[in-house]
Amino acid sequence: MGNTQKGKLPQVLVVGLEGSGKSSLVYSEETENPEPTQSFKYFEKEFLPGKKKLGIWDLSGKDCLQPLWSAFYKNILFQGVVFVIDYNDQGSFDQAVERFHFLTNEEELRDSVFLAVLNDYKIESTEVSEELQKLVKAEKLHPSVKFSVAKMNVKKYNSELVSAFEWLYSSISV
């Protein structure tokens, strides 16, 4: 599924609220404390050995920059969206879930696959369960939305992170 065009590099949008762990996720095996994204960063990365590179668009989650997210997805064909939510910040958790739902309903992202990553820096392993789907209110998503939810510590490049990206790769037919 997804919008993959033969010969083209699949594009993945990485978003979430400020401080959720987006940069830590995309740079987890390269540096322990990556600099937060100030506006946006684009780079090509092979997340899994032997898999095709992905075009990664890491967008800032600052409140003042969130309205600009649409400028990217209205002009770039994204096959995947990774939405990072800080599991430990209960003050912004509901707002993050609302933003996730908003993006799943955007016409330009209708054919994209969504990976919701609940970043829990207090755990060493991951969970993928019905309980996680309840946390992101999956029952309220449109039935056509293809998505997965994973709970992990994004600073640990390990088998759990690999598993989440394996789902993403297979879902966008890379």
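Q: How many aromatic pairs does a search of the whole structure find?
A: This is a predicted model. Ring centres must lie within 6.5 Å to count as a pair. Searched as a whole, the structure gives aromatic pairs numbering 9.

Q: Is the F40 and W57 pair stacked or edge-to-face?
A: The two ring centres are 6.0 Å apart, and the planes meet at 25°. Planes under 30 degrees apart count as stacked, so the angle decides the class. The F40 and W57 pair is stacked.

Q: Which strands hold F40 and W57, and how many residues apart in sequence are the parts that the pair ties together?
A: F40 sits in strand β2, residues 40–45. W57 sits in strand β3, residues 54–59. The pair therefore ties β2 to β3 across a sequence gap of 17 residues.

Q: Is W57 buried or exposed?
A: Its partner F40 has 42% relative accessibility and counts as partly exposed. W57 has a relative accessible area of 14%. Buried means under 20%, so the call for W57 is clear: buried.

Q: What angle lies between the ring planes of W69 and F83?
A: These two rings form an aromatic pair, 6.4 Å centre to centre. The pair is classed as edge-to-face, a label for planes over 60 degrees apart. The angle between the planes is 80°.

Q: Where in the chain do W69 and F83 lie?
A: The pair links distant parts of the chain, 14 residues apart. W69 is buried at 2% relative accessible area, and F83 is buried at 0%. W69 lies in helix α2 (residues 69–73) and F83 in strand β4 (residues 80–86).

Q: Which residues do ring pairs link into a cluster?
A: F40 and W57 are a stacked pair. Both belong to a cluster linked by ring pairs. Its members are F40, Y42, W57, F72 and F78.

Q: Which strands stand at the edges of the sheet?
A: The sheet is open, with 6 strands in the order β2-β3-β1-β4-β5-β6 and mixed pairing. An edge strand has a single partner, so one of its sides lacks a neighbour in the sheet. The edge strands are β2 and β6 (146–152).

Q: How many bridges join β2 to β3?
A: The two strands run antiparallel. Within them, K41 stands opposite D58 in β3. The bridges that join β2 to β3 number 6.

Q: Which strands does helix α3 lie across?
A: Helix α3 covers residues 90–104 and runs at about 170° to β4. Helix α5 (residues 159–171) lies across β1, β2, β3, β4, β5 and β6, at about 170° to β6. The strands under α3 are β1 (11–16), β4 and β5 (113–119).

Q: Which element gives the most to the largest nonpolar core?
A: This core has 28 residues, and L13, V15, F78, F83, I85 and L103 touch the most other members. At least two residues each come from β1, β3, α2, β4, α3 and β5. The top contributor, with 5 residues, is α3.

Q: Which residues does L103 touch, not counting residues up to four places away in sequence?
A: L103 is one of the core residues that touch the most other members. Contact here means heavy atoms within 4.5 Å. The residues that L103 touches are V15, W69, Y73, F83, L109 and F114.

Note on methods: Residues numbered from 1 in each chain as written. Predicted model: local features only at pLDDT ≥ 70, side-chain atom pairs only at ≥ 80, totals over all residues. Heavy atoms only, no water. Helix = DSSP H or I, 4+ residues; strand = E, 2+ residues; numbered from the N terminus. Buried < 20%, exposed > 50% of the residue type's maximum accessible area, 1.4 Å probe, protein only. Pairing = 2+ DSSP bridges. Axes fitted to C-alpha atoms, helices over the stretch in contact; angles between N-to-C directions. Core = buried A, V, L, I, M, F, W, Y, C linked by side-chain atoms within 4.5 Å.
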